[in-house]
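Reader: I'm new to this one, so please zoom in on a single part and take your time. Which residues are around the ligand?

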Amino acid sequence: MFIPKSLSRRRAIKMTLASLVGMTTVTTKAAYQDKQIPLLFDSKRKFQVIGQASLKQRAAAKGIIYGAATGRDILVSDAEFADIFVKDCAMLVAENDLKWLALRPTPNTFDFSKGDWLAKFASKHRMLFRGTPLVWDRALPSWFKKTINSENAERLLVEHITRVTKHYAGKIYSWDVVNEAIDVKRSQRRDGLLLTPWLRFVGEDYIDLAFRTAAAADPQAILVYNDRWLDYDTPRDNAQRAAVLQLLERLKSQKTPVHALGIQAHLRAIDSQTRFHPSKLRNFLKDVASLGLKIFITELDVKDQGLPLDIAQRDRIVAAVYEDYLSTVLDEKAVIAVLTWGLSDRYTWLFQLNKRPLLYDSNFHRKSAWNAVARAFEQAPKR
Ligand code: XIL
């Protein structure tokens, strides 16, 4: 069979296989891709918005909360940023200030100073406040690894969650109780649970224990299970969605007080062109909603690595990724919050060159991505 040189090896192998089974796979895939690519690269696509309303107002009109993640140090040092943040956001997410690394200088002490500052700032500007995460295997202080063992792990977990959630009870709208517990690629287990210190030393019921402890200490907060790799049509994401759904089903059947799924949604523009399968994602959201759970999009941003360097083109593609993703997920009424992981390109956790992943550029000019998010809220059905 003749295979043009320009075809990637994987694609070439696929074509060869498909020719053996009558080309059906490739035809379906190609048809699907054809639908996606012109959409994203359509240079005529406009991201017009009507009116002057802020993102939080546009979202609220549909019963949706819009917010973003940031930190105390940024808000203190950059008044212009604080200004746009307050105008657009109905929720402030503590990007790093409520992680163990920030809260736990030593095994016996808690430092709530940055978190308290954020809680106060949020309340002063009438924003909801959200914390992440109570249980994770990252952003841990250096003493953690040396200290944790099978004797003390359960006590450490319960003590941390109780202290922290009690401290913020009444001031916090929602917590990520457990973050990234599943990793189907690295896990050796059928349920996809990652072998973190929590799994190793507490056992698989650490997730249930974490939620029960949080609910007992703060009965008001919306308790979220948060995870990643849930967005695309890839073997990894498909398996991750299945494993997350299974975990949520297990928790619900045990009556664990979990209230919502958090979908991180760190999107990649390149993958969004070829590996975004709206109906698969929507079916997953429907399955999650049918368990009686709400859904938060918790860490939305668009990695623009690999896109054309031309800024106008780059921004248009990023905007298209935002609009296509959000208009898909917001069709599901269980999705009640859209939170971006930052607001301006000046402050993003992504460290590639020429990055433009957020809604404002680094000089605080609105980008097409801002309009795209606004448009998605406008198109969304009312909750
Ligand atoms: C990131 C922060 O944005 C960075 O500032 C920090 O250095 C590392 O952590 N998934 C998560 C977030 O759940 O907590 C991570 O936040 C990004 C990936």
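Author: Let's start with what a pocket is: on a 1 Å grid over the protein atoms alone, it is an open set of points where a 1.4 Å probe fits, with protein on both sides within 12 Å along at least five of seven lines, and its lining residues have an atom within 4 Å of a point. A molecule sits in one if more than half of its atoms lie within 2 Å of the grid points. The model is predicted, with local features needing pLDDT of at least 70 and side-chain atom pairs pLDDT 80 or more, while totals for chains, interfaces and linings use all residues. Residues are numbered from 1 along each chain as its sequence is written, and side-chain values use heavy atoms, leaving out hydrogens and water.

Here, the ligand takes up the space of the largest pocket, whose volume is about 690 Å³ (the space filled by probe spheres set on the points, which are joined across faces, edges and corners). Of its 29 lining residues, Glu180, Arg228, Gln264, His266 and Trp349 are the closest to the centre. Strand E7 (266–268) and strand E8 (294–303) each give two or more residues to that lining (strands are DSSP runs of E, at least two residues, numbered from the N terminus).

Now for your residues. Around the ligand, with a heavy atom within 4 Å of it, are Glu95, Asn96, Lys99, Trp136, Asn179, Glu180, Gln264, His266, Glu299, Trp341 and Trp349. Sorted by class, that's three nonpolar, four polar and four charged (Asp, Glu, Lys and Arg are charged; Ala, Val, Leu, Ile, Met, Phe, Trp, Tyr, Cys and Pro nonpolar; the others, Gly among them, polar). The whole pocket lining splits into eleven nonpolar, seven polar and eleven charged.

Some of these side chains make polar contacts, meaning N or O pairs within 3.5 Å. Glu95 has a side-chain N or O atom 2.4 Å from a ligand oxygen. For Glu299 the gap from a polar side-chain atom to a ligand oxygen is 2.9 Å, and for Gln264 it is 3.4 Å. Alone, the ligand would expose 410 Å², and the protein buries 74% of that (Shrake-Rupley areas, 1.4 Å probe).

Terms used
A polar contact is a pair of N or O atoms within 3.5 Å; within protein, one must be able to donate a hydrogen and the other to accept it, and residues adjacent in sequence count only if both atoms are side-chain atoms. Helices (H or I, at least four residues) and strands (E, at least two) are DSSP runs, numbered from the N terminus.
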